[in-house]
Amino acid sequence: MSTTQSERLRGLLEPLIAARDLDLEEIEVTPAGKRRVLRIVVDSDEGVQLDECAALSREASQILDDSDVMGGAPYTLEVTSPGADRPLTELRHYRRAVGRLIKAQLHEGGELVARITAVDDSGLDLEVPGVKGRKPTARRVSFDEIAKARVELEFNRKSDKRDAQHDEKIDENKEEA
């Protein structure tokens, strides 16, 4: 995708996405046979529901049809949220991952697996799990020490306060509906 097309797509879609209180994470156009796929990745602090992606897809489709930014060749539009294993690259990604286990590659070499306990503008407060029954330890890591990081998927995680608060929020939303 040319920089011009990328900039035009971003300029066209960003206001629509921002109006829904979502963040535009990525725009990608890839060839798929005789067609192209336009993938729009959005996220928010509360996550993105399927209904939200569907509504955004309909609105984006109308805006794209009314413009010439995609040219005349056919394309398929996909609106999605980032995968659970997406890279953490922005401050907001780390903030959204508070309470989650991450795996970070450090610039100095080595790898760190730890739970994010807090995030500020300069780095992360982490809880590094103890080894062989030892207690976890606290560690501070600045963003400039991190080469790359991802959330680690946990299938057998024990419930904690954050999970309980999240479950309460879901229950409140069900009652309102």
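**Notes on a three-strand sheet and an aromatic pair**

1. Let's start with one position: V37 stands opposite T76 in β3. Strands here are DSSP E runs of at least two residues and helices are H or I runs of at least four, numbered from the N terminus. Before going on, note that this is a predicted model, where local features need pLDDT of at least 70, side-chain atom pairs count only at pLDDT 80 or more, and totals for chains, interfaces and linings use all residues. Residues are numbered from 1 along each chain as its sequence is written, and side-chain values use heavy atoms, with hydrogens and water left out.

2. β2 (residues 35-43) and β3 run parallel, joined by six bridges; DSSP must find at least two for strands to count as paired. R39 is another β2–β3 landmark, sitting opposite E78 in β3. Going from β2 through α2 to β3, the chain makes a right-handed β-α-β crossover (clockwise from the first strand over the helix to the second, with the strands pointing away from the viewer).

3. The open sheet has three strands, ordered β1-β2-β3, with mixed pairing. β1 (23-32) and β3 (75-80) are at the edges with a single partner strand each, so each has one side without a neighbour in the sheet. From one strand to the next, the twist averages 15°.

4. Helix α2 (residues 50-65) lies across β2 and β3, at about 145° to β3. That angle is taken between N-to-C directions on a 0 to 180 degrees scale, using axes fitted to C-alpha atoms, for helices over the stretch in contact (heavy atoms within 4.5 Å).

5. Which β3 side chains are buried? Y75, L77 and V79 are, and they point to one face, while T76, E78 and T80 point to the other and are not buried. The cut-offs are under 20% relative accessible area for buried, over 50% for exposed, and partly exposed in between, with a 1.4 Å probe and protein chains only.

6. A32 belongs to strand β1 and is partly exposed, at 38% relative accessible area. Its C-alpha is 8.6 Å from that of Y75, 43 residues apart along the chain.

7. There's one aromatic pair in the structure. Y94 and F143 are tilted, with 5.1 Å between centres and 55° between planes (Phe, Tyr or six-membered Trp rings pair with centres within 6.5 Å; under 30 degrees is stacked, over 60 edge-to-face, the rest tilted). Y94 is in helix α3 (residues 91-96) and F143 in the loop between β7 (137-142) and β8 (146-151), 49 residues apart. Y94 is buried at 5% relative accessibility, while F143 is partly exposed at 22%.
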